[in-house]
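Dear colleague,

I am handing over the structure below, and I would be glad if you could look through it alongside my notes.

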2 protein chains.
Amino acid sequence: MLDGKWTTLIVRELLTGPKRFGELRDALGTVSPKTLTDRLRSLEHQGILTRTVYAEVPPRVVYELTEQGATLTTVLHAMLEWGERHPQP
Amino acid sequence: MLDGKWTTLIVRELLTGPKRFGELRDALGTVSPKTLTDRLRSLEHQGILTRTVYAEVPPRVVYELTEQGATLTTVLHAMLEWGERHPQP
DNA sequence: CAGCATCCTAATAGATACTG
DNA sequence: CAGTATCTATTAGGATGCTG
């Protein structure tokens, strides 16, 4: 479910609260809009996050973890700890 | 580091002790020998497991987690718990 | 037994340009 | 702003046959 280069990182960003498309793109650094859209759609279809469109000008789209998505915190936290204890050379 | 369809499953199998190539292949079900080899080599190069060849006839090759690999238990355990709490429909 | 060699497909991801 | 469209590159994975 967390497969792919970006999926885990996207979930991590959303753990600290809802984010807009542009915020996610900036936080992830070098992800292309296509890839970000692909991954967000996949997570949405799996029920991990929701996509909310605000019909404004300019448009605003907010991504937010579902209850189920939020429960991934424990997994992400275990990964964080492992990464801190085993830094890459 | 755990990227790919099989990597996490391979590590999981090795958490319960060293395994031979054939044991891993059988435990994983439908993995092709090429893919299994690829993933094992990748994990070996990352220092997660060791590959030991016994020069016998027939040959025997044993894969075993390193100390570093064994510390992945906490991550795998968090994943296991999540999976049990969120079964797929 | 534990693979290696070779060829193939599918999916992820990136680059770039364009749009409601 | 938040995408979409199109194209290309890379990689994971599979199928099949062969071998030390």
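The notes that follow cover the relation between the chains, the contacts with DNA strand D, and two regions of chain B.

This is a predicted model, in which local features need pLDDT of at least 70 and side-chain atom pairs count only at pLDDT 80 or more, whereas totals for chains, interfaces and linings use all residues. Residues are numbered from 1 along each chain as its sequence is written, chains are lettered from A and ligands numbered from 1 in the order in which they are written, and side-chain values use heavy atoms, with hydrogens and water left out.

Chain A is superposed on chain B by a rotation of 180 degrees with 0.1 Å of shift along its axis, at an RMSD of 0.1 Å (a least-squares fit on the C-alpha atoms of residues with pLDDT of at least 70 in both copies). The two copies are thus related as by a two-fold rotation axis. Because 100% of the interface residues of chain A are also interface residues in chain B, the copies meet through the same surface.

DNA strand D is surrounded by 21 residues, the closest being A:R20, A:R51, A:Y63, B:K5 and B:K34, where a residue is near the strand if one of its heavy atoms lies within 4 Å of it. Of the strand's atoms within 4 Å of the protein, 69% belong to sugar or phosphate and the rest to bases. Phosphate oxygens of DNA strand D lie 2.4 Å from a side-chain N or O atom of A:R51, 2.6 Å from a polar side-chain atom of A:Y63 and 3.1 Å from a polar side-chain atom of B:R39. Helix 3 of chain A gives the most to the surface near DNA strand D, with four residues (helices are DSSP runs of H or I of at least four residues, strands runs of E of at least two, numbered from the N terminus).

In chain B, the buried residues of helix 1 (residues 7–15) are B:T7, B:T8, B:I10, B:V11, B:E13 and B:L14, buried meaning under 20% relative accessible area with a 1.4 Å probe and protein chains only. These buried residues pack against elements including helix 3 (33–45), strand 2 (49–54) and helix 5 (73–85) of chain B, with contact meaning heavy atoms within 4.5 Å. Helix 1 of chain B is followed by B:G17, whose phi is positive, near 125 degrees.

B:T66 is found in the loop between strand 3 (60–65) and helix 4 (67–70) of chain B. At 19% relative accessibility, B:T66 counts as buried, and, leaving aside residues up to four places away in sequence, B:T66 touches B:G47, B:I48, B:L49 and B:T50.

With best regards

Terms used. Buried < 20%, exposed > 50% of the residue type's maximum accessible area, 1.4 Å probe, protein only. Polar contact = N/O pair within 3.5 Å; in protein donor to acceptor, adjacent residues only side chain to side chain.
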